[in-house]
Amino acid sequence: MVRILYKPLGLLFGALGGIVAGAVFKRLWALLGHEDEAPRATDQDRTWKEVLAAAALQGAVFALVKAAIDRGGAVGTRRLTGTWPD
């Protein structure tokens, strides 16, 4: 039963996490790269190094935010219900 209730909340938190991760990445890139926008993979004026560094950083930020949200949701569910939502 807990799993059924957890699914919709997990989807909602996942969507919100994507928005948060995008904002965090944009701000982090501006701080590290001294630019407002990260390079796109198809931007011919950017080097491979710039494009791959941006992709790696973006992936790391999204994975970190996702893990934090998933873990926080599971811990919160356990506190409320007493069971872990596998």
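## Two helices, stretched out

The protein chain exposes about 6,700 Å², and carbon and sulfur atoms supply 65% of that area. What you're looking at is a predicted model, with two helices and zero strands in the protein chain. Here's a quick tour, from the overall shape down to a couple of residues.

**Overall shape**
- The radius of gyration of the protein chain is 17 Å, whereas a compact globule of 86 residues would come in near 12 Å.
- Lined up along the principal axes, the C-alpha atoms fill a box of roughly 55 × 20 × 15 Å.
- As for burial, 19% of the 86 residues count as buried.
- Take the contacts between residues at least 6 apart in sequence: 56% of them join residues at least 24 apart.
- On the charge side, there are 11 positive and 8 negative charges, and their mean positions sit 14 Å apart.

**Helix α1 and its partner**
- Helix α1 covers residues 2-33, and its 32 residues should span 46 Å at 1.5 Å a residue; the end C-alpha atoms are 44 Å apart, so the expected and modelled spans agree.
- The buried residues of α1 are Y6, G17, A21, F25 and W29.
- What do those buried residues pack against? Their partner is α2, residues 48-81.
- Just after α1 comes H34, which has a positive phi, near 60°.

**T77, in α2**
- T77 lies in helix α2.
- T77 counts as buried because its relative accessibility is 13%, and the cut-off for buried is under 20%.
- Setting aside residues up to four places away in sequence, T77 touches V2, Y6, G82, T83 and P85.
- One of those partners, Y6, is also among the buried residues of α1.

**W84, after α2**
- W84 belongs to the segment that follows α2.
- Is W84 buried or partly exposed? At a relative accessible area of 32%, W84 is partly exposed, because that value falls between the 20% and 50% cut-offs.
- Apart from its neighbours within four places in sequence, W84 is in contact with R71, A74, V75 and R78.
- For A74, the C-alpha to C-alpha distance to W84 is 6.3 Å, with the two residues 10 apart in sequence.

Technical notes: Residues are numbered from 1 along each chain as its sequence is written. This is a predicted model: local features need pLDDT of at least 70, side-chain atom pairs count only at pLDDT 80 or more; totals for chains, interfaces and linings use all residues. Side-chain values use heavy atoms; hydrogens and water are left out. Helices (H or I, at least four residues) and strands (E, at least two) are DSSP runs, numbered from the N terminus. The radius of gyration is taken over C-alpha atoms; the globule rule is 2.2 Å times the number of residues to the power 0.38. Buried means under 20% relative accessible area, exposed over 50%, partly exposed in between (1.4 Å probe, protein chains only). Contact means heavy atoms within 4.5 Å. Accessible areas come from the Shrake-Rupley method with a 1.4 Å probe; for residues, only the protein chains shown count as cover. Lys and Arg count as positive and Asp and Glu as negative; His and the chain ends are not counted. The place of a charge is taken as NZ of Lys, CZ of Arg, CG of Asp or CD of Glu. The expected span of a helix is 1.5 Å times one less than its number of residues.
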